[in-house]
Amino acid sequence: MATTTSHHLVGTIQTSEINKMSAFHNRPGRISKSGLIHASTSQSSLVDPFQLQSTKIDNDSRKKSNEVALILIRHGESLWNEKNLFTGCVDVPLTEKGVEEAIEAGRRISNIPVDMIYTSALIRAQMTAMLAMTQHRRKKVPIVMHDESERAKAWSQIYSAETKKQSIPVIAAWQLNERMYGELQGLNKKETADRFGQEQVHEWRRSYDIPPPNGESLEMCAERAVAYFKEQIEPQLLNGKNVMISAHGNSLRSIIMYLDRLTSQEVISLELSTGIPMLYIFKEGKFIRRGSPVGPSEAGVYAYTRSLALYRQKLDETLP
């Protein structure tokens with residue numbers, strides 16, 4: 001698979017989620033912090049990831065944080081990607097090819113520790129995360145966390161400490177959804193270009209701050225995605241958690257813009273292939289891009305850092 005592909009989108013956002021998105025863009029505040037996974041003195045992925053508590057981020061905790069992995073994966077090909085339709089926040093599942101891409105992505109990260117998974121609220125990103133984790137050598141089970149109501153929380157409780165240790169929490173957040181393409185959603189891309197002109201459609205798709213009719217610009221998408229990353233995901237990295245994010249072309253471009261400190265001009269030319277994981281190392285408050293793991297048999301991938309090499313060695317020694 002090439003490192004460059006056009007990014008496509010999927011998923012029907014429910015009306016309540018669209019209202020949340022609108023409310024977010026129209027208020028000065030940011031997303032409030034929710035529970036964070038309890039910090040462990042160990043950097044190992046074998047710790048129980050379900051102990052939740054609130055944690056304050058400060059300069060001292062940033063300095064004390066261990067080296068951890070951050071994996072970004074753009075979802076596999078969706079049914080509307082295949083049909084060349086603008087998808088945005090319409091909730092469309094993966095194609096057979098998309099399923100294969102997700103499984104291959106899992107093989108590529110099968111020796112990298114994962115303690116937590118974040119996905120968008122859209123099924124294609126969630127399918128990609130779940131399928132990828134079927135290939136991980138630790139064989140932990142990804143479990144979607146339900147906190148939409150007290151009943152949902154109560155009914156999804158796990159009462160076995162051992163089962164919890166063998167599970168990975170999956171948190172779905174609408175803030176990681178694909179850019180909302182407004183009145184372009186469901187339209188054929190070629191037919192839309194014929195109707196409005198190549199230049200106009202290119203401006204809607206590739207400019208940083210010009211949205212399509214009644215949709216989001218990349219700038220608006222970045223506002224919500226980066227705010228969520230900084231307030232919800234980065235604290236987990238500071239607490240020593242290895243994190244995987246399964247999301248979309250534009251929400252991931254937004255996060256990479258933050259991680260790599262790209263300008264608005266640089267980010268609009270950034271392309272992400274479907275189903276190709278990108279690895280970052282987070283150490284001493286800094287994000288270091290390590291590229292895409294080539295495959296599970298490539299020893300060089302896991303020699304990027306001593307910690308990753310030791311993790312793989314531990315897997316080799318303890319697992320068949």
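Me: Why are helices α8 and α9 called oblique to each other in this predicted model?

Reply: The axes of α8 (residues 189-196) and α9 (residues 198-206) cross at roughly 125°. Angles of 65 to 115 degrees count as roughly perpendicular and those over 145 as roughly antiparallel. The crossing of α8 and α9 fits neither range, and the two helices are therefore oblique to each other.

Me: How do you know that α8 and α9 meet, and which residues take part?

Reply: Contact means heavy atoms within 4.5 Å. In α8, Lys189, Thr192, Ala193 and Phe196 meet Gln198, Gln200, Val201, Trp204 and Arg205 of α9. The residues of this contact divide into 4 nonpolar, 3 polar and 2 charged. The helix axes come within 6 Å.

Me: What makes Ser273 count as buried?

Reply: Ser273 has a relative accessibility of 6%, and buried means under 20%; Ser273 is therefore classed as buried. Ser273 lies in the loop between α12 (264-267) and β8 (277-283). Its C-alpha atom is separated by 8.9 Å from that of His75, although Ser273 and His75 are 198 residues apart along the chain.

Me: Why is Lys139 called exposed?

Reply: The relative accessible area of Lys139 is 55%, and exposed means over 50%, so Lys139 is exposed. Lys139 is placed in the loop between α5 (123-133) and β5 (141-144). Its phi is near 60°, a positive value in a residue other than glycine.

Me: What makes Arg261 count as exposed?

Reply: Arg261 reaches 75% relative accessibility, set against a cut-off of over 50%; Arg261 therefore counts as exposed. The loop between α11 (249-259) and α12 contains Arg261. Although not a glycine, Arg261 has a positive phi of about 55°.

Conventions:
Residues numbered from 1 in each chain as written. Predicted model: local features only at pLDDT ≥ 70, side-chain atom pairs only at ≥ 80, totals over all residues. Heavy atoms only, no water. Axes fitted to C-alpha atoms, helices over the stretch in contact; angles between N-to-C directions. Helix = DSSP H or I, 4+ residues; strand = E, 2+ residues; numbered from the N terminus. Parallel < 35°, antiparallel > 145°, perpendicular 65-115°, else oblique. Nonpolar A, V, L, I, M, F, W, Y, C, P; charged D, E, K, R; others polar. Buried < 20%, exposed > 50% of the residue type's maximum accessible area, 1.4 Å probe, protein only.
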